[in-house]
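Colleague: Before I rely on the labels attached to this model, I would like to hear the reasoning behind some of them. Could you take me through it?

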Amino acid sequence: MKILRFYTRLLLSLLVVGISFASFAENDETFFGFNLATDEEIFANQLEQAKKGNVDAMLTLGLYYYQGKGVKQNYGSAVSWWATATRFKGNSAAIAMNNLGCCYRDGLGVRKDLSSAKMWFEKSIANGYDEAKQGLDEVNAALAEEKALKEKRENDRTRRENEQKRQARARKEQMENDYQNGHALRINRRYDEALPLLIRAAEGGHAYAMYDLGVAYINGQGCNLNITGSAKWFIKAAEAGVKAAYHYAGTAYANGVGCDKDFSKARHWYMKGIYEGDWLCEQYYGDLQRGIIRPYYVPSTSATSGSTSNSSVAHSADKQQEVPQTRTVPCTRCNGTGMLTGREKFRQRYDGECGALSCSSEHVFINCKVCGKYHCSHIDNHYHCDKCGGTGKIQQVKKYGHWVDDVANH
């Protein structure tokens, strides 16, 4: 009988314990440390709570996204939920600020930005989360290191720039010395010594050395006659702004020497020379407008060994040309009168007062060979022939059995 009562009491005790366990499991997810729900279920529950404005759930959601628990890992979503949590107050908001500081420090879910990380760590500390001090110290150390590295790079860049400027000044000084020495040697007819210095200065970009080198090549000073080379250097000198090279460049383009034949470029350089008062450019431009192309080079008949003088720009392949016969004949342009009449005086001329080309009867600019001054037609009527210089006569030379106008004198 006693044994029956013992087993009855034991059975009732086990029944009570079972009922209590079942009741607790229905109301809680864990029992004595054992997890009774999956990560996915917890994530779904926290998401629902976060949508209702639960800041703790927002903090948890950010952690689940950060660790990839119950959902695919997504640093961007973690940052988004923590940023939402920072709008609230309390310890959870302070922790979210600390977590944002870590993301900005490590560049997870956002672009790495130590300044922003420092800001969030400071906000977290201000809201009572002291553990953010460690992150703040790390960020301050990283910022100091970054600043030192930036200063070092800036100093290195400044040092390189200063060195480059120093080297550029040294090259410029050397180039100027080469030109000055080469020019002096060429003037003193020491052509063999001058040429290497002029070449080095011209290749270095010295404009006047380019012009001197063109003169040396066209006259065979210290080298063999080099017509093509002279034209190339004259064009470079003209492009560099050497006024004396304008008519050389124009004539080179007109004849296609050292470059492709281009009449528009020839007119361009002649006009630049005219604007600078170069009378040679004025004459060559006028001839080009009339269809007369001045030759690039004519060898001097009085050439000496080692040098050839070529003051008038012209070109000929005959280096052994004999001294031509000369004669004086009436000028066909002015009919021997020395004055331009009719349509001749309305040819396109450079107008000194208007600063432009003009073919109108009111603005015809011409150089009067009588008074030696420039005039415009609306001021007076100085229309002297620019071919005969107002004399009514021109000189002709006999070349290859034919009498032609002596272009060297016009």
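Modeller: What follows sets some computed values against the cut-offs that give them their names.

Modeller: Please keep in mind throughout that this is a predicted model.

Colleague: Let us begin with charged pairs; what makes the pair Glu154 and Arg157 a salt bridge?

Modeller: The N to O distance between the side chains of Glu154 and Arg157 is 2.3 Å, and since the definition asks for a nitrogen of Lys or Arg within 4 Å of a carboxyl oxygen of Asp or Glu, the pair qualifies as a salt bridge. Both residues lie in helix H7, which covers residues 132-187, and they are three residues apart, about one turn of the helix.

Colleague: Why are Glu154 and Arg157 called partly exposed?

Modeller: Glu154 has a relative accessible area of 39% and Arg157 has one of 33%; partly exposed is the class between under 20%, which is buried, and over 50%, which is exposed, so Glu154 belongs to it, and so does Arg157.

Colleague: How do you know that Arg190 and Glu193 form a salt bridge?

Modeller: Their side chains come to 2.8 Å, N to O, and the cut-off is 4 Å, so the pair is counted as a salt bridge. Arg190 is partly exposed at 41% relative accessibility, and Glu193 is likewise partly exposed at 41%.

Colleague: Which residues are linked with Arg105 in a network of salt bridges?

Modeller: Asp106 and Glu138 are linked with Arg105 in that network. For Arg105 and Asp106 the closest N and O atoms are 3.0 Å apart, which is within 4 Å and therefore meets the criterion. The search of the whole structure finds 14 salt bridges.

Colleague: Turning to the loops, why is Arg189 called exposed?

Modeller: Its relative accessibility is 60%, and exposed means over 50%, so Arg189 receives that label. Arg189 is found in the loop between H7 and helix H8 (191-203), and its phi is near 65 degrees, a positive value in a residue other than glycine. Most residues other than glycine have a negative phi.

Colleague: And what makes Arg294 buried?

Modeller: The relative accessibility of Arg294 is 7%, and because buried means under 20%, the residue falls in that class. Arg294 is found in the loop between helix H13 (279-289) and strand E3 (326-330).

Colleague: Why is the pairing of Arg294 with Asp287 called a polar contact?

Modeller: The side chains of Arg294 and Asp287 are joined at 2.5 Å, and the limit for such a pair of N or O atoms is 3.5 Å, so the distance satisfies it.

Note on methods. Residues numbered from 1 in each chain as written. Predicted model: local features only at pLDDT ≥ 70, side-chain atom pairs only at ≥ 80, totals over all residues. Heavy atoms only, no water. Helix = DSSP H or I, 4+ residues; strand = E, 2+ residues; numbered from the N terminus. Buried < 20%, exposed > 50% of the residue type's maximum accessible area, 1.4 Å probe, protein only. Polar contact = N/O pair within 3.5 Å; in protein donor to acceptor, adjacent residues only side chain to side chain.
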